[in-house]
2 protein chains.
Amino acid sequence: MKNKAITPRDEDFAKWYSDVVRAAHLADYSNVKGFMVIEPNGYAIWEMMQSILDAEFKRLGHQNVYMPVLIPESLLNKEAELIEGFAPEGAWVTRAGGKELEERMMFRPTSETLFSDYYASHLQSYRDLPLLYNQWANVIRWEKETKPFLRTREFLWQEGHTLHETEEEARKETLQMLDVYKKFFEEVLAIPVLTGRKTEKEKFAGAEETYTVESLMYNGFSLQSGTSHFFGQKFAKAYDIKFVNRENKLDYPWQTSWGVTTRMIGAVIMVHGDDNGLVLPPRLAPRQVVVVPIGKDEEVNAKANEVLAALKAAGIRAFADFSEKSPGFKFAEHEVNGIPVRIEIGKRDLDQGLITLARRDTREKINVPAGSDIVTEVNALMEQIQKNMFEVAKKRNAEKTYECTTLSEIEKIMSNNPGYVRACWCGDPACELKMKEIRGTKSRCIDETYKVKAGDKCVVCGKPAKYKVVWGVQY
Amino acid sequence: MKNKAITPRDEDFAKWYSDVVRAAHLADYSNVKGFMVIEPNGYAIWEMMQSILDAEFKRLGHQNVYMPVLIPESLLNKEAELIEGFAPEGAWVTRAGGKELEERMMFRPTSETLFSDYYASHLQSYRDLPLLYNQWANVIRWEKETKPFLRTREFLWQEGHTLHETEEEARKETLQMLDVYKKFFEEVLAIPVLTGRKTEKEKFAGAEETYTVESLMYNGFSLQSGTSHFFGQKFAKAYDIKFVNRENKLDYPWQTSWGVTTRMIGAVIMVHGDDNGLVLPPRLAPRQVVVVPIGKDEEVNAKANEVLAALKAAGIRAFADFSEKSPGFKFAEHEVNGIPVRIEIGKRDLDQGLITLARRDTREKINVPAGSDIVTEVNALMEQIQKNMFEVAKKRNAEKTYECTTLSEIEKIMSNNPGYVRACWCGDPACELKMKEIRGTKSRCIDETYKVKAGDKCVVCGKPAKYKVVWGVQY
């Protein structure tokens, strides 16, 4: 049975994506151009992401704070690279409280400026360090082309901002948070990721180094899915953040920032979704199990209630669908919504002492004895689903990863069946620009584990290579 | 011992408030005029408020969503009263993406417009009703005079927006959510509140009826602390929200909205705080218990760790302070921060088989046997503190509540020792304006339990009364 509201994934991936976003009630376009409404099913996923990441941030000693949403232009202008990077996408408040503002203010596109300004007036001594702050907030970047979750003018995110006594500590924090993201993607979202350092051209405006979490969508396109930045002392110098160090001298602290956004919801959809809609990994799913009684029957309803109660008591996020709709309609609806496990309870099965578990990822049905320990069965099945979803994505990544030494090879791959292309590069941004002519292919990150050998040549210009880079068609 | 960073509460209440906000690291002014930075201790309180309220909203069937932060002017203009009410405080984005916008957009001061616009394009049938949505968001209202938490240009809040099939259901929802707020204030924040309907003059722009949660601060000033609105079909008609009803005819649904904000943090400070800083009720406190070992001693440290582990295992939000600071310094710091219970563990006490519990609200110290069940002791003490804080506030409210029949009485009370003044009113807004001349006194709400008797006269004009109103000096 195929869901008629959803264009087949292999027929038109972009349309398939929009159809799933709408059919699963994740988000909708709003009458505010370029902005989305995040609907209940989408927002519940964001809440799961927030709660899991937030607990991990706190476990590592971070604290949440909240900075103003508007940034006066003069404050932005203190760090030249940042303002240059974000000015084209800025949204400006110029009038408020019934009059023109003396100084216009930008809706935050990111909050380095505000954190730095706060640090400058609060940091005193090395005893105050490290300062490990994070905020959950909305930001605006005025994009021309928008797509729900992937690129919208407003999005939700978390931005960590930390200050450290030494360069070493700040570098450690940058990589630690990159690793937090990697683990979250792999263990919770079931998305295998590529992590590494961005090239100069692709790094964040104002950062000394940007590390990225990249994921590969079903159609072979790359999605930058999270970033962790090492700022060195650049912002400290621009915003005059100083502290008295252990030698009793004034010194500049070392800074990082790191963030992930509602874009992760887009990644989950495009990595795991299928022709029947959304597929959610069990650890992320706000609702993990739906119990569906089939037919009107007292025994069936009693069993459904018993199963539901047992699952809930065990902390499994389960619900039952006792509505009047037909079983087929219910099955399709819960499949579109990506509920990982469906438990079907029917009279005929019960008479044979059976109930049916249906897993969303493979759509297999499994009969289990009606008297079996349903919590154990469901937990085991959810672990299997979680693992299988990761393995399927990992296998796809491997199949879509190519080693190339010529531009024509890359051109052919990116045009027909794109993916990650590993190829050497001389380090010249001009060669990155040239690569971009191939369907917008960009460097995803530098493979820092690769040691360049004599004879390794830049795939673009043929000069001696400095790096091995992973290239991809960008979302 | 008195905290030198804090002005005595009875000497200068406004300065005392600012001092507590700063000393307890709740918030600070930022270099963005009229905006605050919510610091870790303040934000942690907001997170507790969010988690408790959010769980209750969800238990009652509400779902979280997220609407765009900017509202195009034409969309705002559809409901005349709302735009009139909020236009003077609006902040306008006029330029974005490198050019002037064709239509300016207001930073949301509240989101009735966006929810209504969304409902208009999504609601179809009575089967879709009720729609019970809520969002946690930032809003901007460009205030002239600002004060952290109480009145800032940006604040954080939740706004519930619901649609119902019948008037009765919508009215029930309005009062149900008012009751959710009342219970939250009384049972979690330990703040006794007054609830009731606002007068025409004081109600929300665009609402048919506004119900309010009012709380009385230590200095006798009134704080509007939460509101729940019944909109009737006003927005439905303005935004053309229609549904097919049970008679298969097109009909307008009935609407509500309700919200509380970071202002609640200000209420907690001003109801419970004292000359030593913040005092948090245990159910709200992000950190309920601090364990302070006194002196460097192995046995003391072992006992401190044992107590901490026992408390944490029981789900009590406890932490220990093993820092190098002196005990007196630690005591003062944890008192400023309002930690409800401090457990002091010292060598001399331990040798006598004792440990000390210090409660923040009364600052009493209680010795308990070192071998006693610390979880039971602490839980019992926290219940006592929670109850006592509520009782103290309730007693103060009773003492500061007056029945008046003449304006001169009211003038005297409000000038010297303000509070709630209960007095009859004819229903004429002109009399409310006249009352405002007395130190800005406004009607807090109508006492709907009071039946007006023959001979009851308006305290302002002397004409026959229509209502008994509770009046107060407004924050």
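**Entry 1: the axis**

I started with the rotation axis and asked which residue of chain A comes closest to it. It is Val93(A), whose C-alpha lies 2.1 Å from the axis. I note here that this is a predicted model, and I read everything below with that in mind.

Next I looked up how the two chains are related. A turn of 180° with a shift of 0.0 Å along the axis lays chain A on chain B, and the RMSD is 0.0 Å. That is what a two-fold axis does.

**Entry 2: where the chains meet**

How many residues of chain A are in contact with chain B? I get 39 residues of chain A touching 39 residues of chain B. The elements of chain A that give two or more residues to this side are E2 (36-38), H2 (40-59), E3 (63-64), E4 (70-72), E5 (91-96), H5 (112-122) and E8 (154-164). E5(A) gives the most, with 6 residues. By type, the side of chain A that touches chain B splits into 24 nonpolar, 9 polar and 6 charged residues.

I also checked whether the copies use the same surface or different ones. Of the interface residues of chain A, 100% are interface residues in chain B too, so the copies meet through the same surface.

**Entry 3: E5 against E5**

Then I went to the strands. E5(A) and strand E5 of chain B (residues 91-96) run antiparallel and are joined by 5 bridges. Ala91(A) stands opposite Ala96(B) in this pairing.

Val93 turned up again when I looked at the nonpolar cores. The largest has 286 residues, and those with the most contacts inside it are Val93(A), Val291(A), Val93(B) and Val291(B). I listed what Val93(B) touches, skipping residues up to four places away in sequence. From chain A there are Ala91(A), Trp92(A), Val93(A) and Phe107(A). From chain B there are Leu70(B), Leu101(B), Arg104(B), Met105(B) and Phe107(B).

**Entry 4: helix H13 in both chains**

Which residues of H13 (407-416) in chain A are buried? I find Ile410(A), Ile413(A) and Met414(A). They span an arc of only 90° around the axis, so they sit on the same side of H13(A). On the other side, Ser408(A), Ser415(A) and Asn416(A) are exposed. The cover over the buried residues of H13(A) includes strands E20 (401-403), E21 (420-425), E22 (441-446) and E23 (467-473) of chain A.

I repeated the lookup in chain B. Ile410(B), Ile413(B) and Met414(B) are buried in H13(B). Their directions fall within an arc of 90° seen down the helix axis, so they line one face. The face turned away from them carries the exposed residues Ser408(B), Ser415(B) and Asn416(B). The buried residues of H13(B) pack against E20 (401-403), E21 (420-425), E22 (441-446) and E23 (467-473) of chain B.

**Entry 5: a hairpin with little cover**

E18(A) (residues 354-359) and E19(A) pair in the antiparallel sense over 5 bridges. Leu354(A) has Pro369(A) of E19(A) as its bridge partner. The hairpin has 5 residues between the strands, and Arg363(A) takes a positive phi near 65° in it. How many of the 5 residues of E19(A) are buried? The count is 0, and strand E19(A) (365-369) is hardly covered.

**Entry 6: two buried residues of chain A**

I picked Ala393(A), which lies in helix H12 (residues 374-399) of chain A. Ala393(A) has 23 C-beta neighbours inside 10 Å, so I count it as buried; the cut-off is 20 or more. Its C-alpha is 6.5 Å from that of Ile191(A), although the two are 202 residues apart along the chain. Leaving aside neighbours within four places in sequence, Ala393(A) is in contact with Ala190(A), Ile191(A), Pro192(A) and Val271(A).

Then I tried a charged residue. Is Glu214(A) buried or exposed? It is buried, because 22 other C-beta atoms lie within 10 Å. Glu214(A) sits in strand E10 (residues 209-216) of chain A. Beyond four places in sequence, Glu214(A) is in contact with Val193(A), Leu194(A), Ser222(A), Leu223(A), Gln224(A), Ser225(A), Arg444(A) and Cys445(A). I also took the C-alpha separation of Glu214(A) and Ala267(A), 53 residues apart along the chain, and got 10.0 Å.

Conventions:
Residues are numbered from 1 along each chain as its sequence is written. Chains are lettered from A and ligands numbered from 1 in the order in which they are written. This is a predicted model: local features need pLDDT of at least 70, side-chain atom pairs count only at pLDDT 80 or more; totals for chains, interfaces and linings use all residues. Copies are superposed by least squares on the C-alpha atoms of residues with pLDDT of at least 70 in both. Two residues are in contact if their C-beta atoms, placed from the backbone, lie within 7 Å. A residue is buried if 20 or more other C-beta atoms lie within 10 Å of its own, exposed if 12 or fewer, and partly exposed in between; C-beta atoms are placed from the backbone. Helices (H or I, at least four residues) and strands (E, at least two) are DSSP runs, numbered from the N terminus. The arc is that of the directions from the helix axis to the C-beta atoms. Ala, Val, Leu, Ile, Met, Phe, Trp, Tyr, Cys and Pro count as nonpolar, Asp, Glu, Lys and Arg as charged, and the others, Gly among them, as polar. Two strands pair if DSSP finds at least two bridges between them. A nonpolar core is a set of buried Ala, Val, Leu, Ile, Met, Phe, Trp, Tyr and Cys residues joined through C-beta atoms within 7 Å.
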